Structure formats: C-alpha cells, structure tokens
Amino acid sequence: QEHFNTQLQALEENLRTDIRQKKKVVLRTLENIFLVDMHDITYCGSDGCYTTIHLVDGEHIMVSRTLHEFDLMLSEQGFYRVHKSYLINLLHIKRFEKQEGGYIILNDNHKVPVASRKREELMSLFNKLAE
C-alpha cells in the first residue's frame, strides 16, 4: 500500500509538472547509448533478463536489464507495473478494457494485459485520479 501511494503521488506530481522539465533515462545497448525523455516511453516489456523500451515514435530499444530494475527506477516517475512482463507509463493510457481480466489500451493502441492481482490496485488509482 505504501508503494502504491508513492506511485500515486509521483503520478499526480508528473501531471502537474511543466513539460519543459523532462527527465531523461540512459539506455545502453551493445552499439549505442540512448538518452530518452521519460515522457516518451509508453511502456517497457520484459523477456527474461532483457527489457524492450517502447517509445511514442514507435522505436523499440532492447537493453540487457531486467524489468524489475526499470520498475525501481521509474515507478516514482509515473510508471506502473501492471503485469510481471509489463511496466506502463500512466500518462499514455487511453482506456481500460474490463473483459478477460483486463487490458490497458495505450495511446498507440498497444494492448497490455493487467494481472488479476493488480486490477483492484489499478482501479483504485483511477478512482483517486478522478477525484
């Protein structure tokens, strides 16, 4: 619950923060080092010890870091782990589809599953944002 409240506070602050105060994350691959604005990350997907970062422009960057590492780094920046394999940027949510356990539809129309144990927490987050 404490972790959830921290994430909620971070999201509220991010929604109020001036867009010019963008924070960057450094992503290292074998061939490149990318400096990416956190607001440009739509979601992160896990494949074991690798994480693919999906950006608003459609670019994908695969790095050899676990999703857990990104969760620790980004959860206080408005990101939320909705599933063992997905970390989403809450600013890019388009809608929540309730059928089949639940899915988040992002602004780029990507469909991300929501784990059943995360569904109630996510609903609570939406309710608090609506207040």
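## Briefing: strand E6, helix H2 and the salt bridges

Let's start with one residue: arginine 81 is buried, with a relative accessible area of 17%, which puts it below the 20% cut-off for that class. This is a predicted model, and the tour below follows arginine 81 outward to its strand, its charged partner and the helix on the other side of that pair. Five salt bridges are counted in the model, and three of them are described here along with their surroundings.

**Strand E6 and its neighbour**

- Arginine 81 belongs to strand E6, which spans residues 79–83.
- Five of the five residues of E6 are buried, so the strand is largely enclosed by the rest of the structure.
- E6 pairs with strand E7 (residues 86–89) in the antiparallel sense, over four bridges.
- Within that pairing, tyrosine 80 has isoleucine 88 of E7 as its bridge partner.
- The connection from E6 to E7 is a hairpin of two residues.

**The salt bridge between E6 and H2**

- Side chains of opposite charge can pair when their charged atoms come close.
- Here, arginine 81 and aspartate 71 meet through their side chains in a salt bridge, at 3.8 Å from N to O.
- This pair links distant parts of the chain, with aspartate 71 in helix H2 (residues 67–74) and arginine 81 in strand E6, 10 residues apart.
- Like its partner, aspartate 71 is buried: its relative accessible area is 13%, and that of arginine 81 is 17%.

**The buried side of helix H2**

- Aspartate 71 has company in H2, where Leu67, Phe70, Asp71 and Leu74 are buried.
- These four residues cover an arc of only 105° around the axis, which puts them on the same side of H2.

**Two further salt bridges**

- The side chains of arginine 95 and glutamate 97 form a salt bridge, with an N to O distance of 2.8 Å.
- The two ends of that pair fall in separate classes: arginine 95 is partly exposed at 39% relative accessible area, whereas glutamate 97 is buried at 16%.
- Glutamate 121 and lysine 118 also meet in a salt bridge through their side chains, at 3.9 Å from N to O.
- Both glutamate 121 and lysine 118 lie in helix H3 (residues 116–130), three residues apart, or about one turn of the helix.
- Glutamate 121 is partly exposed, with a relative accessible area of 28%.

Conventions. Residues are numbered from 1 along each chain as its sequence is written. This is a predicted model: local features need pLDDT of at least 70, side-chain atom pairs count only at pLDDT 80 or more; totals for chains, interfaces and linings use all residues. Side-chain values use heavy atoms; hydrogens and water are left out. Buried means under 20% relative accessible area, exposed over 50%, partly exposed in between (1.4 Å probe, protein chains only). Two strands pair if DSSP finds at least two bridges between them. A salt bridge is a side-chain nitrogen of Lys or Arg within 4 Å of a carboxyl oxygen of Asp or Glu. The arc is that of the directions from the helix axis to the C-beta atoms.
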